[in-house]
Amino acid sequence: ININVVVTDKGLVKIRYSDNGKGIDEEVLPTIFDPFVTTKRGKGGSGLGMHLVYNLVTQGLNGEINVTSAVGKGVTFTIVFDAELVEKVAD
């Protein structure tokens, strides 16, 4: 697992999470942030995890989240939001 956090010269926080795990099937990838999408249906998976993350990033942080992946090559999530938001919360 690699987590990289930077603040750009444009005042954006950019968080990049990547791993070298099994990756995400290309059939699932376009819908990964939709509610109730799960590869573990009937095995305890509700399919709400990535949907909640998407809502927290896009609505809570007014940011963006993107994902890239290939089976057998891992996954990368990139989250970008305004650094000013962090400063307001810290105050």
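# A tour from the sheet to the aromatic cluster

Start with the whole protein chain in cartoon view: its secondary structure comes to two helices and four strands. What you have open is a predicted model. Follow the ribbon along the sequence and you'll read the pattern β-β-α-β-β-α. The protein chain has 91 residues, of which 22% count as buried. If you switch on a surface, the accessible area comes to about 6,600 Å², with 54% of that belonging to carbon and sulfur atoms. And if you like contact maps: among contacts between residues at least 6 apart in sequence, 50% join residues at least 24 apart.

**Stop one: the sheet**

Now select the four strands. They make an open sheet in the order 1-2-4-3, with antiparallel pairing. At the edges sit strand 1 (2–7) and strand 3, each of which pairs on one side only. Turn the sheet to look along it, and you can look for the twist, which averages 10 degrees from one strand to the next. As a general point, strands of a sheet pair through backbone hydrogen bonds, either parallel or antiparallel.

Zoom in on strand 1 and strand 2, which run antiparallel and are joined by six bridges. The hairpin of these two strands has four residues between them, and there Gly11 takes a positive phi near 80 degrees. For one of the bridges, pick Asn2: its partner in strand 2 is Ser18.

Stay on Ser18 for a moment. Is Ser18 buried or exposed? Ser18 is buried, at a relative accessible area of 18%. Show what surrounds Ser18 and, leaving out residues up to four places away in sequence, you'll find that Ser18 touches Ile1, Asn2, Val75 and Thr76.

Next, step across to strand 4. Strand 2 and strand 4 pair in the antiparallel sense over eight bridges. Two matches to click on: Lys14 has Val80 as its bridge partner in strand 4, while Val13 has Phe81.

**Stop two: the helix on the sheet**

Bring helix 1 (49–60) into view. Helix 1 lies across strand 3 and strand 4, and runs at about 145 degrees to strand 3.

**Stop three: the aromatic rings**

Hide the cartoon if it's in the way, and show the side chains of Tyr17, Phe33, Tyr54 and Phe77, which form one aromatic cluster. How many aromatic pairs does the model hold? The count comes to three.

Take Tyr17 and Phe77 as one of these pairs: the rings are tilted, 6.3 Å centre to centre, with 45 degrees between the planes. Tyr17 lies in strand 2 (residues 12–19) and Phe77 in strand 4 (residues 74–82), so this pair ties together parts that are 60 residues apart in sequence. Compare how much of each is covered: Tyr17 is partly exposed, with a relative accessible area of 24%, whereas Phe77 is buried, at 14%.

Keep Phe77 selected and add Phe33. This pair is edge-to-face, with 6.5 Å from centre to centre and 65 degrees between the planes. Here, too, distant parts of the chain are linked: Phe33 sits in the loop between strand 2 and helix 1, Phe77 in strand 4, and they are 44 residues apart.

Why does Phe33 count as buried? Its relative accessibility is 14%, and buried means under 20%. So what is packed around Phe33? Leaving aside neighbours within four places in sequence, Phe33 is in contact with Met50, His51, Tyr54, Ile65, Val67 and Phe77.

**Last stop: the nonpolar core**

Two of your selected rings lead you straight on. The largest nonpolar core has 14 residues, and Phe33 and Phe77 are among those with the most contacts inside it, along with Ile24, Ile32, Ile65 and Val67. Colour these six and look at how they sit together. Which strands each supply at least two residues of this core? Strand 3 (64–70) and strand 4 do. The largest share of the core, four residues, comes from strand 4.

Before you close the viewer, click Phe77 once more. Phe77 belongs to the aromatic cluster with Tyr17, Phe33 and Tyr54, and Phe77 is also among the residues with the most contacts in the largest nonpolar core.

Methods:
Residues are numbered from 1 along each chain as its sequence is written. This is a predicted model: local features need pLDDT of at least 70, side-chain atom pairs count only at pLDDT 80 or more; totals for chains, interfaces and linings use all residues. Side-chain values use heavy atoms; hydrogens and water are left out. Rings of Phe, Tyr and Trp (its six-membered ring) pair if their centres lie within 6.5 Å; planes under 30 degrees apart count as stacked, over 60 as edge-to-face and the rest as tilted. Buried means under 20% relative accessible area, exposed over 50%, partly exposed in between (1.4 Å probe, protein chains only). A nonpolar core is a set of buried Ala, Val, Leu, Ile, Met, Phe, Trp, Tyr and Cys residues joined through side-chain atoms within 4.5 Å. Contact means heavy atoms within 4.5 Å. Two strands pair if DSSP finds at least two bridges between them. Axes are lines fitted to C-alpha atoms, for helices over the stretch in contact, and angles run from 0 to 180 degrees between N-to-C directions. Accessible areas come from the Shrake-Rupley method with a 1.4 Å probe; for residues, only the protein chains shown count as cover.
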